[in-house]
Amino acid sequence: MRGSLFNLNRRTAQRFKQLAMASLGSVKIKLLLLCCIAFVLLLLAGRAPVLSGGDATVRAPSNHFHDSRKGYALLINTWKRNDLLKQSISHYTRCSSLDSIHIVWSEPDPPSESLKKFLNHVIQLNSRSDWRIELKFDINKEDSLNNRFKPIGDLKTDAVFSIDDDIIFPCSSVEFAFDVWRSAPDTMVGFVPRIHWIDQEGSVDRYVYSGWWSVWWTGRYSMVLSKAAFFHKKYLDIYTNQMPASIRDYVTRNRNCEDIAMSFLVANVTGAPPIWVKGKIFEIGSTGISSVGGHSEKRSQCVNRFVTEFRRMPLVSTTVKAVDSRNIWFW
């Protein structure tokens, strides 16, 4: 009798123990689920401003500057494509940190009054109540790619955003790139990376210019093109007045490689690589000279010529890429 009571008590104790373990496991699972739900809610709350402001034309929060030196100047290169110029200016005037617009004009005829009227109207619509965006045409008598890097005497900002008239980036991407540039204002910060390689097959090292697919395949780059890049305004003066004149003459004769020359110049000053910023690009124009046959070989010739002019290879390659973590789930 005692044995049967002992076995009954033992079975009862084991049953209570199993129930306690099951209850504890259930509580742990519920706590884990609650933690997961809380994490997702916090993540969505943090992403909410980005989701609501994802349109490329939505003005980013105007918390960047009131002092003009903290904004940036848009330096846009154009050539007989007024429709693209109008579209670009209409877009970038919506970006919150834009201080001024400087249009590099190298056409034989001056800008028309209708073009000026349209652009000034766009600026009036998009300027803030406490700040009006400045618009200036930088008129050049000579048609040269070097014109895009001429010094601007009355430039109020240190930052210059150099852009072509046939590509557009969302304001959120531009503002993020501007923030990256402010963390390293001596370097170039841009959206279009390129890479150079050393060809050691011959007796003398020869450098090869490679485009986007080489960057994508290897994850390395050594240049960001000035068709979409931030840099300090001091480089305009260095390019025009201190860089060897033979380089500018080469650019004028070949109508190519002014962007490579600027990359060489900045790398020669800093001894550091540029910074590539991830951003979505919208091409609004037709294909340019990069689609012409022999383009890469001509660019390789430029690289080797500039190495001779600088008496060394100043470009530094890197694998670093700046990504706005607010716009991605995992980083």
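**Exercise 1.** Numbering the bonded cysteines of the protein in sequence order, what is the pairing?

*Solution.* The model is a predicted one.

Step 1. Find the disulfides. A search of the whole structure returns two disulfides.

Step 2. Identify the partners. One disulfide is formed by Cys95 and Cys171, with their sulfur atoms 2.1 Å apart. Another joins Cys257 to Cys302, with an S to S distance of 2.0 Å.

Step 3. Number the bonded cysteines in sequence order; the pairing is then 1-2, 3-4.

**Exercise 2.** For each disulfide, determine the handedness, the elements that are linked and the burial of the cysteines.

*Solution.*

Step 1. Take Cys95 and Cys171. The angle about their S-S bond is -85 degrees, and the link is left-handed. The pair links distant parts of the chain, 76 residues apart. Cys95 sits in the loop between helix 2 (82–92) and strand 2 (98–105), and Cys171 belongs to helix 4 (residues 171–183). Both Cys95 and Cys171 are buried.

Step 2. Take Cys257 and Cys302. The torsion about their S-S bond is about 80 degrees, so this disulfide is right-handed. Here too distant parts of the chain are linked: Cys257 is in the loop between helix 7 (245–254) and helix 8 (258–270), Cys302 is in helix 9 (residues 295–310), and the two are 45 residues apart. Both Cys257 and Cys302 are buried.

**Exercise 3.** Which parts of the chain does the salt bridge of Arg81 and Asp165 tie together, and are the two residues buried or partly exposed?

*Solution.*

Step 1. Recall the principle. Side chains of opposite charge can pair when their charged atoms come close.

Step 2. Check the distance. The closest N and O atoms of Arg81 and Asp165 are 2.6 Å apart, and a salt bridge requires such atoms within 4 Å.

Step 3. Place the partners. Arg81 lies in the loop between strand 1 (72–78) and helix 2, and Asp165 in the loop between strand 4 (159–164) and strand 5 (167–168), so the salt bridge ties together parts that are 84 residues apart in sequence.

Step 4. Assign burial. Arg81 has 26% relative accessibility and therefore counts as partly exposed. Asp165 is buried, because its relative accessible area is 1%.

Step 5. Extend the pair. Arg81, Asp165 and Asp166 are linked in a network of salt bridges. A search of the whole structure finds 15 salt bridges.

**Exercise 4.** Set the salt bridge of Lys156 and Glu134 beside that of Glu309 and Arg305, and locate each partner.

*Solution.*

Step 1. For Lys156 and Glu134, the closest N and O atoms are 2.7 Å apart. This pair links distant parts of the chain, with Lys156 in the loop between strand 3 (134–139) and strand 4, Glu134 in strand 3, and the two positions 22 residues apart.

Step 2. Lys156 is partly exposed, with a relative accessible area of 34%. Glu134, at 26% relative accessibility, is also partly exposed.

Step 3. For Glu309 and Arg305, the closest N and O atoms are 3.1 Å apart. Both residues lie in helix 9, four residues apart, which is about one turn of the helix.

Step 4. Relative accessibility is 22% for Glu309, which counts as partly exposed. Arg305, at 30%, counts as partly exposed.

**Exercise 5.** Where is Ser210 placed, and with which residues is Ser210 in contact, leaving aside its neighbours within four places in sequence?

*Solution.*

Step 1. Ser210 is in strand 8 (residues 206–210).

Step 2. The cut-off for buried is under 20% relative accessible area. Ser210 has 11% relative accessibility, so Ser210 counts as buried.

Step 3. With neighbours within four places set aside, the contacts of Ser210 are Arg194, Ile195 and Trp197. With Trp197 there is a polar contact between the two side chains, at 3.2 Å.

**Exercise 6.** Which residues make the nonpolar surface patch of about 620 Å²?

*Solution.*

Step 1. The patch is made by Trp212, Trp213, Trp216 and Trp217.

Step 2. Trp212 is in helix 5 (residues 212–218). At 33% relative accessibility, Trp212 counts as partly exposed.

Step 3. Turn to the whole protein. About 18300 Å² is exposed, and carbon and sulfur atoms supply 57% of that area. Of the 331 residues, 42% count as buried.

How values were computed. Residues are numbered from 1 along each chain as its sequence is written. This is a predicted model: local features need pLDDT of at least 70, side-chain atom pairs count only at pLDDT 80 or more; totals for chains, interfaces and linings use all residues. Side-chain values use heavy atoms; hydrogens and water are left out. Buried means under 20% relative accessible area, exposed over 50%, partly exposed in between (1.4 Å probe, protein chains only). A polar contact is a pair of N or O atoms within 3.5 Å; within protein, one must be able to donate a hydrogen and the other to accept it, and residues adjacent in sequence count only if both atoms are side-chain atoms. Contact means heavy atoms within 4.5 Å. Accessible areas come from the Shrake-Rupley method with a 1.4 Å probe; for residues, only the protein chains shown count as cover. Patches are made of residues with over 30% relative accessible area and no salt bridge: like charges are joined within 9 Å, nonpolar side chains (Val, Leu, Ile, Met, Phe, Trp, Tyr) within 5 Å. A salt bridge is a side-chain nitrogen of Lys or Arg within 4 Å of a carboxyl oxygen of Asp or Glu. A disulfide is a pair of cysteine sulfur atoms within 2.5 Å.
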